[in-house]
Structure formats: structure tokens, C-alpha cells
Amino acid sequence: MRIDLHTPTCWKEVTAEQMRFVVKVGLQAMRREEYLLVLFCRFADIKMVASTADEDDRKVVHTHFKDCEGHDFDLDASQVADFCERLAFVYERIPLDANWPFKWNAFLLGTTFEQWFHADAMVLRFGMDGDPERLKCAMKDLGDPHDTLEPCDITLFLAWYDTFGEWLHEKYPLVFRKAEPGEETTGNPVDSRQNIMLMLNDGKPQDNERIEKSNVHDVLAALQHKIEEAKRIEAQLKKQP
């Protein structure tokens, strides 16, 4: 009888439910071999029933499994190791275009500037006081409210936040310019919002609400363009005698 075992080969092939399982199990104190074996069984939808060890060195020679239809089969140690090592990608960073278990688009394509800005402020406050309520507020701002957060939810949210943040730095490098050594940076969201509004409202504070309700990427792209223009003018002025 032929047994076909299928497992994902990269993060993009992992479902949202599987992703939560990977992180949830990963937070437990497991050795690498044990961790990957648990994932292999979950992904392939099989159960490990028993194992046979060599009488001399006590190393596992064969492992007995049962699939979801109740069929029994054996895999030798090298086969199990091969299947498990194919899942080593779980140690890599989860890309933004993976199947994240959140309701919002991972690139925040449908998110307003106001939603993102407030969520970002909540995450920064979480970094200071560690209060998970901050993350619940951030997730609610982004359109995915949670009454409770499990450790795996927090881990996944922060992983997404870091990955998304790096992507933002690459897409809008002038908006998210890294501070020079010794340069002071403001961490005050009120000041940051005020500076952004001053750059985009053309002296019309009544337009602030319109800006906040705009798509986050439209606002960040406008900021990038404003800064580019300011740098171009500055460079031209420096060339004048």
C-alpha cells in the first residue's frame, strides 16, 4: 500500500492555523529534533505509535506511524530525519506575504494612516511596559479585536510588526530614516503626528482629519515625496554661489 506524505516546504505554504501551531509548540522547551518531529506529524496528519531501537547502541532504527485513515506504516531513522529537516524553514523569518493569522492585510493595504499610527504607538508603549493590553488595542485598531491573547498570538504579532517595520524602512527610507550615532530621536507620538500634519496640510489644520482617514501608504508616499523635494531644493541652494 502506498502512503503519500505531504508537508509544506516554506512559510508561504503554511496555513494560518498551522502557523499558530508552529509558534505555540516552538514556545515550549523542546530539542530541535523533537520539535521538528512534532511538526512533521501535524503537517502530514499522522501519529507516531511506537519506535524500534537497536539493541546495541539504543538508537532508533524504525518508527511506527498511523495515518488519518488508520493505516499503519514504518519509516526508518534516515527517512524521518529527512522529512523533519525539510521543515527547518520554521527557523527562518516569516515573510510578509505568508498566511498570517490576522484579519488585516499584512502590508496594511486597506488600513488608514490613523489606524496604523495609533497601533504603532500602542506597540511602542508595549515595548516600554510589557502590558499585553497595548497589543490588544493595536490589533483592534487594525481591525482584528481579541478578548484574550495567548503567548503565541503575542509572538506572532510582534514578528509581523518587526517584519512589516523593516519593509516600511525599505519602501520609505526618508520617512523612516535611521538616526545617526549620538542623534536624538523623539519617541513622542503627539510630536510625531504634529510634524507629519505640518508637512502635509499646507497650513490648513482643517485638513488633518482628511489626512488621517487616508490610506497609510498614500500618506507615507506623500511624506517621502515632500522630503525628497526638500532635499532637492536644499542641494540646489548649496550649489548657488
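This passage describes helix α6, its packing against helix α1, and selected salt bridges in a predicted model.

Helix α6 comprises 21 residues, from 151 to 171. At 1.5 Å a residue, a helix of this number of residues should span 30 Å, and the end C-alpha atoms of α6 are 30 Å apart, which agrees with the expectation. The buried residues of α6 are Cys152, Asp153, Ile154, Leu156, Phe157, Trp160, Tyr161, Thr163, Phe164 and Leu168. The elements that cover these buried residues include α1 (16–26), α4 (113–129), α5 (132–141) and α9 (216–239). In an α-helix there are 3.6 residues a turn, so residues three or four places apart point the same way.

One of the buried residues, Thr163, lies in helix α6. Its relative accessible area is 11%, and Thr163 is therefore classed as buried, the cut-off being under 20%. When residues up to four places away in sequence are not counted, Thr163 touches Arg93, Ile94 and Leu96.

The packing of α1 and α6 is described by an angle of about 110° and by axes that are 9 Å apart. Because angles of 65 to 115 degrees count as roughly perpendicular, the two helices α1 and α6 are assigned to that class. On the α1 side, the contact involves Met19, Arg20, Val23 and Lys24, which meet Cys152, Asp153, Thr155 and Leu156 of α6. By class, this contact has 4 nonpolar, 1 polar and 3 charged residues.

The model contains 17 salt bridges. One of them joins the side chains of Lys12 and Asp97, with an N to O distance of 3.0 Å. This pair links distant parts of the chain, since Lys12 is in the segment before α1 and Asp97 is in the loop between α3 (77–85) and α4, 85 residues apart. Lys12 is partly exposed at 48% relative accessibility, and Asp97 is partly exposed at 42%.

A salt bridge also connects helix α6 with the loop between α3 and α4: Glu166 pairs with Arg93, and their closest N and O atoms are 3.0 Å apart. These partners, 73 residues apart, again link distant parts of the chain. Glu166 has a relative accessible area of 43% and is partly exposed; Arg93, at 48%, is likewise partly exposed. In addition, salt bridges that share partners join Arg20, Lys24, Glu150 and Asp153 into one network.

A further salt bridge is formed by Glu33 and Arg31, whose closest N and O atoms are 3.4 Å apart. Glu33 is exposed at 51% relative accessibility, and Arg31 is exposed at 55%.

Methods. Residues numbered from 1 in each chain as written. Predicted model: local features only at pLDDT ≥ 70, side-chain atom pairs only at ≥ 80, totals over all residues. Heavy atoms only, no water. Helix = DSSP H or I, 4+ residues; strand = E, 2+ residues; numbered from the N terminus. Expected span 1.5 Å × (residues − 1). Buried < 20%, exposed > 50% of the residue type's maximum accessible area, 1.4 Å probe, protein only. Contact = heavy atoms within 4.5 Å. Axes fitted to C-alpha atoms, helices over the stretch in contact; angles between N-to-C directions. Parallel < 35°, antiparallel > 145°, perpendicular 65-115°, else oblique. Nonpolar A, V, L, I, M, F, W, Y, C, P; charged D, E, K, R; others polar. Salt bridge = Lys/Arg side-chain N within 4 Å of Asp/Glu carboxyl O.
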